[in-house]
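Work through the exercises below with the sequence and the structure side by side. Try each task before reading its solution.

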Amino acid sequence: MLRLAIVSLMILAAVFTAGCFGGQETDDIAYVLVMGLDKSKQEGKLDVTYQMAIPRALTGEGASGEPALSITLTAESTSEARDLFNSVVARTLNLSHTKVLIIGESLARQGLGEVLGVFMRFREFRGGMKIIIVNDDTAQNFISKNKPKMELVVSRYYETILLSADQSSYFPSVNLHDFYSRMKSGSAAPIAVLAGISGKDSEQASSIPKKPSDSVDDYLAGQIPRGEEETDKEKPNLAEFLGTAVFREDKLVGKLTNQETRMMAILRNNLQNPFFTIDDPLVAGKHIVLNLRLGRNTKLDADIHNDQAKLKGEIFLEGEISSIGSGVSYEREDYRKLLEEHISQTIKQDILTMLHKTQGMRADVVGFGYPARKNFRTYNEFMQIDWADLYSKADIDVTVKTRIRRTGLMWKTSPINGSDN
Amino acid sequence: MVGNNVLSDLVYFLKNMLLYQPPRLPRPFVLNETVDDKGQDYLPDAKQGLETAAQELDSQLKYASELRALMEKAQVAINNQDLSRVREVAKKLKILEEQEREVEPILLSYDHDLKPIERSVSARIDENARIIKELYNLPTNKDIVMRDFIIPGPMPVKAMLIFVDGLIDKQVINQSVLKPLMKWDDLAKEISGQELLTYIVDECLPSNQAKKATMFKEVAEGLNSGDSVLFIEGVPGAAVIETKGFEHRGPERPQIEQSVRGAQAAFAEALRVNTGLIRSMMQTNDLVTEIIPVGDRIPVKCAFMYLKSVANPKLVAEVKRRIDNISTDYINDLGVLEQFIEDHPTIPFPQMLSTERVDRVTSHLAEGRVAILLDGTPFVHLVPVSFFTFFHSAEDFSIKRPMGDFMRVVRLIGTILAVILPAAYLAIIYFHQEALPTELALAIAGARERVPFPAAFEVVLMELAFELIREAGLRIPGLLGSTIGIVGALILGQAAVQANLVSPITVIIIAITGLASFTIPDYRLSSAFRVLRFGFLLLGATLGLVGVAIALLLVSVLLSSMKSFGMPYMVPIGPKTKPGFDTVLRGPVFRQEMRPDALNTRNQRRQPHISRKWITEPPAGREEE
């Protein structure tokens, strides 16, 4: 009997010390789906925005009103803000379903080092949450203006749009863990996706000088030209994800446009199957559209001799023709060779332009720092040098090879009958 | 009394109205405590001795008077010089000589001290009748029929046929017992005593089973099982003649273990029908049926069957030892017998495979198991059995392997769902919201928004409702409609949701759980899991997934610690034995080369390595190539 009592007590003790605690009913919890951080008007403080789901609005019957609720508070830190939120929201906040961390440009320029610590440490946050920088705007504004029309829940919108990043490669999809490890390792510059609200500053769109070699325009988030009637009303969703925010250490130092982001994606092996619009090599003013993808993984290499880095990239693209505006028979063997050479040259030029721009920012967005580590015996030795500095002065040599594998569903371009020439 | 004036009438009327008077009821019947019968045994019963003494004297007196009557007859016969009469007298004398042995005073007093059931059959027919009356409480008991008749012939003999009404076939008694005996005129041979009995049994009765009995114990056994007993004057023995003919159900289609393929015969209540069904599907001399009666006061026939050349003899001996060593009044069901002989009566998991299907029994007998049958139970239990056998169904081997495997996997998933789904649901929504996709978490939260109860209460409420419906559906008389269960469940579920008592998601969880629990092929295993589910629920709701893990661990420990008739319950996984291609999934039939390793059968190999010998031979018509 005594033995039984002791055994059952031990089992009970084991069960209750090993079990989970803090169980909560679903109706006691407020799920925070989106978190926004901004520099406050008050010195040294943060504007913290929580966007929470309203589960009642998601049930079929009597579903009315907004499915989400955003509240902004000003506090010393995000943790302090969470406690203040407890006084504003009746329910306990649950951060385990927070999908994205949105940061306003002014805070990003000031530096994120201090702010991000808690996101990595606190158990409820996930390393997989995405980090978004708002182009020339506040996170609070972005969250309040971003009203997805197709998705019921805002978290689904963020998940879906960031999952489709590789479709066009016009914006990267960066999670918090990647951002943080790039920030701390020193081998690459942290990057984040750039988002913005359309039509906020329409004249900025033309402010980016169009290079003569470009066949398509470059944009940053919020600058995609839209139909007139759309910008007037608040009806369609005005949020846009386009371009890359480039950081040096923890500070925002520059932005890459959509085309530059795509070049970065080629080097980072993130290109899925986007369309490239390229000038016709034979007929001026006409374009050729190609569907290109990486035939092989891009090889990056970095050699360091006498404090001079030599960066190499080997790119192999293959794809198919989508349209030939001029009607030249690029399907033919000799013309195809010509076209391939032209594509390689154009893309090489674009990549080099992008890299030179980032060299100017002293930010290794592609991550040449990772292959560069092989020049050092220990990680500490690598950490001794200033990789950002080496990168900014490095010689860059990129080789691009292109192969056109298919010509789409047409194998020949016939001239239009009865045309003048 | 005062005279009947108006005043007194009024007073009487008021008194009647106002005063409470208990209604006049008949004296109630009260079932009093029985007097301890132990004490009664020690009370000296003065009359008892006298009674036996009187019986002794009575039988001696009867004998004496019969002797005297015979002597007088003999005198007359000798005086008249009638030879035939003398012969008759001589024969009567022989009968009397036979009876004389019994009236020895010592033997008589010994005999009368015995209980009636322990006495031997007397040569005197009236003495036998007296004992039978005592044994069967005649004439209170109306079931016993005693038929006196005379076997004709040159020297007619008194005879008596006894049987139990309702257990016998009247046709058989009339045609093949009474008719040959009463129309018998061929008693030329002058035989008597045991010889006469042997002669009647051997040459006279056209019954399929007839044997001689000398003790009343055998007589009573025969009568109880539907045999008729023949007593003959002057013969110290009786003939027990097989005349069974009681009403019983024949084999029907399986009700509980239905299958699309395979044999469609199920056991019935009568033991002999069941053994016959098994034997008719396994026509081999290797099949042994042993019968042991169980129950001290009311013995019931218990049979166990095995293949002599396959089953482990130690297993057979153990089954026999356990059944033999039960001391109880009466066992009316195999489920009761099971609890008397199983290894762990306190653990809810079944330790024998209970089946109503004949084909299932024969396939397990062929693997080397022992089948246990009990008279009156339309089920057969098989031992020893492993946990995984309960997930097999009869038709797994009747259909092709991919389908059989698929069905088994579905059943296994169903089992896992039935046990842990409500517990896992509670654990996740209480403790591990991050484990769900955001939209699912929000959907659950949204559905629960209007429900005023905690989720655990909701789940327990629905579980109880489901159990109520299930139990009600089982107990409801068939006439009232069996569909009430399912309809009730739907209505209850929908109405509860509309009344905001439970959330739709809880209804779905409980519905899936209930549905899944029906995929467990074994009813008793399913009931065991049903009970365990509440434990899982408690641990899941209080300790989260860790609690569910703890519960799973405890169940695994329990399962691994069990044995079924000497075979570990979790075989062939814990302990590991040679795989038999028939545990969770099944292998091709032609690769089932060995019997289950853990059964340690006499003969391990079922078929040679190449059982399909035709694949090594040239096809028909191609021999010459």
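The exercises that follow go from strands to domains and then to the two chains.

The model is predicted, so local features need pLDDT of at least 70 and side-chain atom pairs count only at pLDDT 80 or more, while totals for chains, interfaces and linings use all residues. Residues are numbered from 1 along each chain as its sequence is written, chains are lettered from A and ligands numbered from 1 in the order in which they are written, and side-chain values use heavy atoms, with hydrogens and water left out.

**Exercise 1. Strand E1**

Task: Find which strands pair with E1(A), and in which sense.

Solution:
- Step 1. Locate the strand: E1 of chain A covers residues 29-39. Strands (E, at least two residues) and helices (H or I, at least four) are DSSP runs, numbered from the N terminus.
- Step 2. Apply the pairing rule: two strands pair if DSSP finds at least two bridges between them.
- Step 3. Take the antiparallel partner. E1(A) is joined by seven bridges to strand E2 (residues 46-53) of chain A, with A:Lys39 bridged to A:Leu46. Six residues lie between the strands of this hairpin, where A:Gly44 has a positive phi near 75 degrees.
- Step 4. Take the parallel partners. Strand E4 (residues 92-94) of chain A pairs with E1(A) over three bridges, and A:Ala30 has A:Leu93 as its bridge partner there. Strand E5 (residues 100-103) of chain A runs parallel to E1(A) over four bridges, with A:Leu37 bridged to A:Ile103.
- Step 5. Check the cover: 10 of the 11 residues of E1(A) are buried. Buried means under 20% relative accessible area, exposed over 50%, and partly exposed in between (1.4 Å probe, protein chains only).

**Exercise 2. The domains of chain A**

Task: Describe how domain 1 and domain 2 of chain A meet.

Solution:
- Step 1. Set the bounds: domain 1 spans 26-257 and domain 2 spans 273-421 in chain A. Such bounds come from an automatic or database domain assignment.
- Step 2. Place the centres: over C-alpha atoms, those of domain 1 and domain 2 of chain A are 30 Å apart.
- Step 3. Count the contacts (heavy atoms within 4.5 Å): 24 residues of domain 1 of chain A touch 26 residues of domain 2 of chain A.
- Step 4. Give the area: these two domains of chain A bury about 1,700 Å² between them, with 53% from carbon and sulfur atoms. Buried area is the accessible area (1.4 Å probe) that two parts lose on being put together, summed over both.

**Exercise 3. A residue in a loop**

Task: Is A:Ser187 buried or exposed?

Solution:
- Step 1. A:Ser187 sits in the loop between helix H8 (176-185) and strand E7 (191-197) of chain A.
- Step 2. A:Ser187 is buried because its relative accessible area is 0%.
- Step 3. Leaving out residues up to four places away in sequence, A:Ser187 touches residues including A:Asp364, A:Tyr370 and A:Trp387.

**Exercise 4. Chain A against chain B**

Task: How many salt bridges are there between chain A and chain B?

Solution:
- Step 1. In contact are 31 residues of chain A and 30 residues of chain B. On the side of chain A, A:Cys20, A:Glu25 and A:Thr26 lose the most area to chain B, together 25% of what that side buries.
- Step 2. The two chains bury about 2,400 Å² between them, 59% of it on carbon and sulfur atoms.
- Step 3. A salt bridge is a side-chain nitrogen of Lys or Arg within 4 Å of a carboxyl oxygen of Asp or Glu. The count between chain A and chain B is three.
- Step 4. A salt bridge links the side chains of A:Arg156 and B:Glu439, at 2.5 Å from N to O.
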